[in-house]
Amino acid sequence: MLSMTPKELKERTALRINPCKTCQPVGAIYCALGVHKCMPHSHGSQGCVSFHRMFLTRHFKDPAIASTSSFTEGASVFGGRTNIETAVKNVFDIYDPDIIAVHTTCLSETIGDDINSFIQDMTIPEGKLVVHTNTPSYVGSHINGFYNMMCGFIKYLSRKTGKSNGKIAIFPGFVNPGDMREMKRIASLLKAPFIMFPDTSGVMDAPMTGHYEMYPKGGTKIEEIAALGDCEKVIALGEITSEEPAALLEKQCKVPYELLPLPIGISATDEFVTALSKFSKCEVPYELEEERGQLIDIMLDAHQYYYKKSVAIYGDPDTVLGITSLVLEMGMIPKYVITGTPKEDFTRKAEELFARYSVEGCKAKASADLFELHQWIKNEKVDLLIGGTHGKTIARAEDIPLVRAGFPIIDRYVHSYMPIVGYKGAMRLVEMISNALMDRMDRDCADEDLEIVM
Ligand code: SF4
């Protein structure tokens, strides 16, 4: 790969190479899969939804269902009203979901289809629902698609009845089902009655039963989404991913929210635990105290392997910020921190973390891509990479160990079942980071021994 000067890098604004994000509908489908008996529906051509389903299936290793309006040339010219009407009828007739969650694609956005008016005019079977959101993929990323779809559900379904249900709503952010399970376990330990929305646990990590179930047991129920409007409060996890839906629910139903970072690492998990404990007025149980203590013990035991090691972290904004916070707690240097999602808040928050731990010479950037990260690494190498599968070409080219964490991970298994949030999740990250660095040290020592023998 050719090296580019900083000036050349600065000038590249219109092109992304290996972009560190994917398109909005991928996030919209993932959100809709976290709703029980919901069929995500892509208003566009078949090619789009094939790609989105493939992308999700490769990460979760479980089928990601979604239907399509199947645009052809005619729909592209005259609009997709007839297509979506036929599609909705067929989907209810054949696949029998309780709700269809429609999102748009680049094509339907460009021709300007008014999905809301299509939905108002179509015949929907009694007891069934259709909601929608707009996900033009030439702006934002799958993270925007995820929270736009959350907003779509809230807009159509959440209502305030005036009678509180005494629950706290937890918006988990764009995380794996294993992470959602861990967040729910922590909430249960703190005896906080909650509604998690969306919730892909039990859907994208459903057990093998010997027969295919189109709608597994998991997912937030429609009545729970409606009841979000009667919750006492929202804990919105992931300051970049969860703020818009939380703000919408506040505006629509006057439910206040507390915006917190994803609970990755000690301090962010402490914040999550404290917020739940304040809400439920339940003291932090020994089980959680013990896990926290174990995490610190592990960090101390292995610190000589990672202390002051430099690391490049890439991926989704809240996940990257969470991992950055953890590696700073470990005494590592997060030299390069990037996301492909265009949110400038990301850069500011990363820089605040650098300042909090007084580390210097670290760079953070939103709307960045892996090509640019590779250039930075060529100019000044790091000891470790943390991120999804697409960074492995950098790892291979520069001979740097890679810890796979975040989204997408398409060349490994089990990751989506294993949390990286909470104290347990942090233990797993510390284990993976230490092992990767120790493996590298072992290999370097073996190479040196070989040289001496020769
Ligand atoms: S055309 Fe747009 S929506 Fe379809 S796959 Fe490409 S970026 Fe995604």
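In which sense do strand β3 (residues 99-104) and β4 pair, and over how many bridges? The pairing is parallel, over five bridges; two strands count as paired if DSSP finds at least two bridges between them. Before the views, some housekeeping: this is a predicted model, where local features need pLDDT of at least 70, side-chain atom pairs count only at pLDDT 80 or more, and totals for chains, interfaces and linings use all residues. Residues are numbered from 1 along each chain as its sequence is written.

**View 1. The whole protein chain, with its 18 helices and 13 strands.** Helices (H or I, at least four residues) and strands (E, at least two) are DSSP runs, numbered from the N terminus. The radius of gyration is 23 Å and the globule rule gives 22 Å for 454 residues, so the chain is as compact as a globular protein of that length. That radius is taken over C-alpha atoms, and the rule is 2.2 Å times the number of residues to the power 0.38. Along the principal axes, the C-alpha atoms fill a box of roughly 80 × 55 × 45 Å. Half the story is burial: 50% of the 454 residues count as buried. Here buried means 20 or more other C-beta atoms within 10 Å of a residue's own, exposed means 12 or fewer, and partly exposed is in between, with C-beta atoms placed from the backbone. Of the contacts between residues at least 6 apart in sequence, 73% join residues at least 24 apart; a contact needs C-beta atoms, placed from the backbone, within 7 Å.

**View 2. Zooming in on β3 and β4, a parallel pair.** Ile100 sits opposite Val130 in β4. Strand β4 (residues 129-133) has four of its five residues buried, so it is largely enclosed by the rest of the structure.

**View 3. The residues around the ligand.** They are Cys23, Pro25, Gly44, Cys48, Phe51, Thr105, Cys106 and Ser137, where a residue is near a molecule if its C-beta atom, placed from the backbone, lies within 6 Å of it. By class, that shell has five nonpolar, three polar and no charged residues. For the bookkeeping, Ala, Val, Leu, Ile, Met, Phe, Trp, Tyr, Cys and Pro count as nonpolar, Asp, Glu, Lys and Arg as charged, and the others, Gly among them, as polar.

**View 4. The open four-strand sheet β6-β5-β7-β8, with parallel pairing.** At the edges stand β6 (194-196) and β8 (257-260), each with a single partner strand, so one side of each has no neighbour in the sheet. From one strand to the next, the twist averages 20 degrees. Three bridges join β5 (residues 168-171) to β6 in the parallel sense, and Ala169 stands opposite Ile195 in β6. Helix α12 packs on this sheet, touching β5, β7 (233-237) and β8, and its direction makes about 160 degrees with that of β8. Axes are lines fitted to C-alpha atoms, for helices over the stretch in contact, and angles run from 0 to 180 degrees between N-to-C directions.

**View 5. Helix α12 (residues 266-280) crossing helix α14 (residues 317-329).** Their axes come within 7 Å and cross at roughly 120 degrees. Ile266, Ser267 and Ala268 of α12 meet Gly322, Ser325 and Glu329 of α14. These contact residues divide into two nonpolar, three polar and one charged.

**View 6. The open five-strand sheet β11-β10-β9-β12-β13, again with parallel pairing.** Its edge strands are β11 (363-365) and β13 (402-404); each has a single partner strand, so one side of each is left without a neighbour in the sheet. Direction ignored, neighbouring strands are turned by 15 degrees against each other on average. Helix α15 (residues 344-356) packs on the sheet, touching β10 and β11, at about 160 degrees to the direction of β11. Inside the sheet, six bridges join β9 (residues 310-315) to β10. Ser310 has Ile333 of β10 as its bridge partner, and Ala312 has Tyr336. Seven of the seven residues of β10 (residues 333-339) are buried, so this strand is largely enclosed by the rest of the structure.

**View 7. Two partly exposed residues, Met438 and Pro63.** Met438, in helix α18 (residues 422-453), has 14 other C-beta atoms within 10 Å. Met438 and Tyr306 are 132 residues apart in sequence and 8.9 Å apart in space, C-alpha to C-alpha. Pro63 lies in the loop between α3 (46-60) and β2 (67-68), with 15 C-beta neighbours inside 10 Å. Pro63 and Thr269 are 206 residues apart along the chain, and their C-alpha atoms are separated by 31 Å.

Notes: Two residues are in contact if their C-beta atoms, placed from the backbone, lie within 7 Å.
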